[in-house]
Protein chains: 2
Amino acid sequence: MSDHTKFDLRDFLPYLLNQAAEMSSLGFQQYYKSQYGMLRTEWRVLFHLGRYGEMTAKDICDRARLHKTKVSRAVSALEARRFLTREQLSHDRRHEQLKLTTSGLRAFDELYLAAQKYDAEIMADFSDQEGEALRKALLKIAEL
Amino acid sequence: MSDHTKFDLRDFLPYLLNQAAEMSSLGFQQYYKSQYGMLRTEWRVLFHLGRYGEMTAKDICDRARLHKTKVSRAVSALEARRFLTREQLSHDRRHEQLKLTTSGLRAFDELYLAAQKYDAEIMADFSDQEGEALRKALLKIAEL
DNA sequence: ACCAGTCAGTTGCAGGTGAAACTAACGCGA
DNA sequence: TCGCGTTAGTTTCACCTGCAACTGACTGGT
C-alpha cells in the first residue's frame with residue numbers, strides 16, 4: 001500500500017486550481033448574474049464582443065475556448081435580451097456577424113470596469129512579483 | 001467609454017484560473033474516468049475515504065467543500081460499484097459511517113499514486129520556488 | 001411526554017452542459 | 001452541374017448539478 005501520510009488533497013494541483021477558480025468565479029458572478037441575469041458563458045461572449053469588436057460565433061469559440069453549443073445558446077440569450085444583433089454575411093451566409101447593441105455595450109462597459117476592479121482586488125493580496133508569477137504560471141498550465 | 005486597450009481576457013484572474021483548472025482536471029480525468037468510470041465527485045469522495053479513513057458523508061462535505069447532494073449521489077454510485085459500504089451508527093442512526101471495501105482501497109491506491117505522479121508532472125514545468133509560490137497563492141485565493 | 005426546531009441524507013425538479021446528430025450553405029474536383 | 005466533403009450553427013438527448021422540499025432521527029424546552 002502506498003504511503004498515505006505525505007500527499008494531501010491540498011497538495012493536488014487540479015484540486016487547488018478548481019477551488020481557487022470556483023471561489024473567484026463565484027465572487028464575480030454576482031455582477032453579471034444579479035445585475036443582468038447572465039450566465040458565465042454569456043458574460044464571456046459579451047466580453048469578447050465588447051473587447052475585441054464584431055466577430056462570428058466561430059471566432060468566439062476559438063478565442064474563448066468555448067464549445068460551439070455553449071456559444072450558440074449564449075448568443076441566443078444575449079439576442080433575446082437585445083444585447084446583440086446578428087447579421088448574415090452576404091459572401092457566406094453560414095457566418096453571422098455578431099454586434100453589440102447600445103444596451104449591450106452599456107452592460108459590457110459596466111462589467112468590464114467591474115472585472116478590472118475585481119481582478120485588482122484579488123491581486124491586492126499579492127506583491128507585483130507574486131501576481132506576475134501567478135499569471136505566468138496559470139498561463140502555462142492553461143496552455144494559452 | 002472605458003479604455004478597452006489595456007485589460008485583456010488573459011489578464012482576468014477568474015478566467016485564467018478556470019482555464020488552468022479545466023486543463024489540469026481534464027488531464028487527470030482520464031485516470032478515474034476511463035479506468036473506473038468514475039465522476040470527479042466520486043474520485044474526491046474516494047480520495048477522502050482512502051486518505052483520511054472512515055467518516056460520514058457530512059464529514060466529506062465539510063472537508064472537501066462538496067454539496068451534500070453531490071456526496072449523496074457519489075456515495076450511492078461508489079456503493080453500487082462495491083467500492084464502499086455504509087454502516088449506521090447505533091448512537092445516532094442519522095449518521096452513516098462510510099468505509100472503503102478491498103476493491104475500493106485498491107482503486108484508491110492506484111489513483112492516489114497516479115495523482116501524485118500527475119501533480120509532479122505539472123510541477124516539473126516550475127522550479128521549487130515557483131511551485132511553492134503557486135500553491136500558496138492558490139490556497140490563499142481558495143481560502144482553504 | 002410532547003412538540004417545535006434541527007440535522008443527516010435523499011429525492012424531485014428545473015436548469016446547464018457536452019457529444020453526437022442534424023441543417024443549411026459553401027467549395028472543389030470530375 | 002453534379003456530388004462529396006467540409007464548415008457554421010442548431011437541436012436533441014442523456015447526464016450532471018444546485019436548489020428546495022422532503023423523510024427519518026435526534027434534541028431541548030416546557
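Start by selecting B:Lys58 and DNA strand C: a polar backbone atom of B:Lys58 sits 2.6 Å from a phosphate oxygen of that strand. That is a polar contact, meaning a pair of N or O atoms within 3.5 Å; within protein, one must be able to donate a hydrogen and the other to accept it, and residues adjacent in sequence count only if both atoms are side-chain atoms.

Before going on, a word on what you have loaded. This is a predicted model, where local features need pLDDT of at least 70 and side-chain atom pairs count only at pLDDT 80 or more, while totals for chains, interfaces and linings use all residues. Residues are numbered from 1 along each chain as its sequence is written, chains are lettered from A and ligands numbered from 1 in the order in which they are written, and side-chain values use heavy atoms, with hydrogens and water left out.

**Stop 1: around DNA strand C**

Stay with strand C and pick B:Arg73, where a polar side-chain atom is 3.4 Å from a base oxygen of the strand. Next click B:Glu96: here a backbone N or O atom lies 3.2 Å from a phosphate oxygen of strand C.

Now widen the selection to the 19 residues around DNA strand C; the ones that come nearest are A:Lys70, B:Lys58, B:Thr69, B:Ser72 and B:Arg86. "Near" here means that a heavy atom of the residue lies within 4 Å of the strand. Which parts of the DNA face the protein? Of the strand C atoms within 4 Å of the protein, 63% are sugar or phosphate, and the rest belong to bases.

Colour by class and you get 11 charged, 6 polar and 2 nonpolar residues on this surface. (Ala, Val, Leu, Ile, Met, Phe, Trp, Tyr, Cys and Pro count as nonpolar, Asp, Glu, Lys and Arg as charged, and the others, Gly among them, as polar.) Show the cartoon too: H4(B) gives the largest share of the surface near strand C, with 4 residues. Helices (H or I, at least four residues) and strands (E, at least two) are DSSP runs, numbered from the N terminus.

**Stop 2: over to DNA strand D**

Select A:Arg86, where a polar side-chain atom lies 2.4 Å from a phosphate oxygen of strand D. A:Lys58 is worth a click as well, with a polar backbone atom 2.6 Å from a phosphate oxygen of strand D. From chain B, try B:Arg93: a backbone N or O atom there is 2.9 Å from a phosphate oxygen of strand D. In the cartoon, H4(A) supplies the largest share of the surface near strand D, 4 residues.

**Stop 3: a hairpin in chain A**

Zoom in on strand S1 (residues 84-89) of chain A, which pairs with S2(A) in the antiparallel sense over 6 bridges. Two strands pair if DSSP finds at least two bridges between them. Pick A:Leu84 and you'll find A:Leu100 of S2(A) opposite. The hairpin joining S1(A) to S2(A) runs through 2 residues.

**Stop 4: where the chains meet**

Hide the DNA and select chains A and B. In all, 59 residues of chain B are in contact (heavy atoms within 4.5 Å) with 59 residues of chain A. How much area do chain B and chain A bury between them? About 5,600 Å², with 66% of it on carbon and sulfur atoms; buried area is the accessible area (1.4 Å probe) that two parts lose on being put together, summed over both.

Between chain B and chain A, 18 residue pairs are in polar contact, both at pLDDT 80 or more. Finish on H1(B), which brings 13 residues, the largest share of the side of chain B that touches chain A. That side divides into 33 nonpolar, 10 polar and 16 charged residues.
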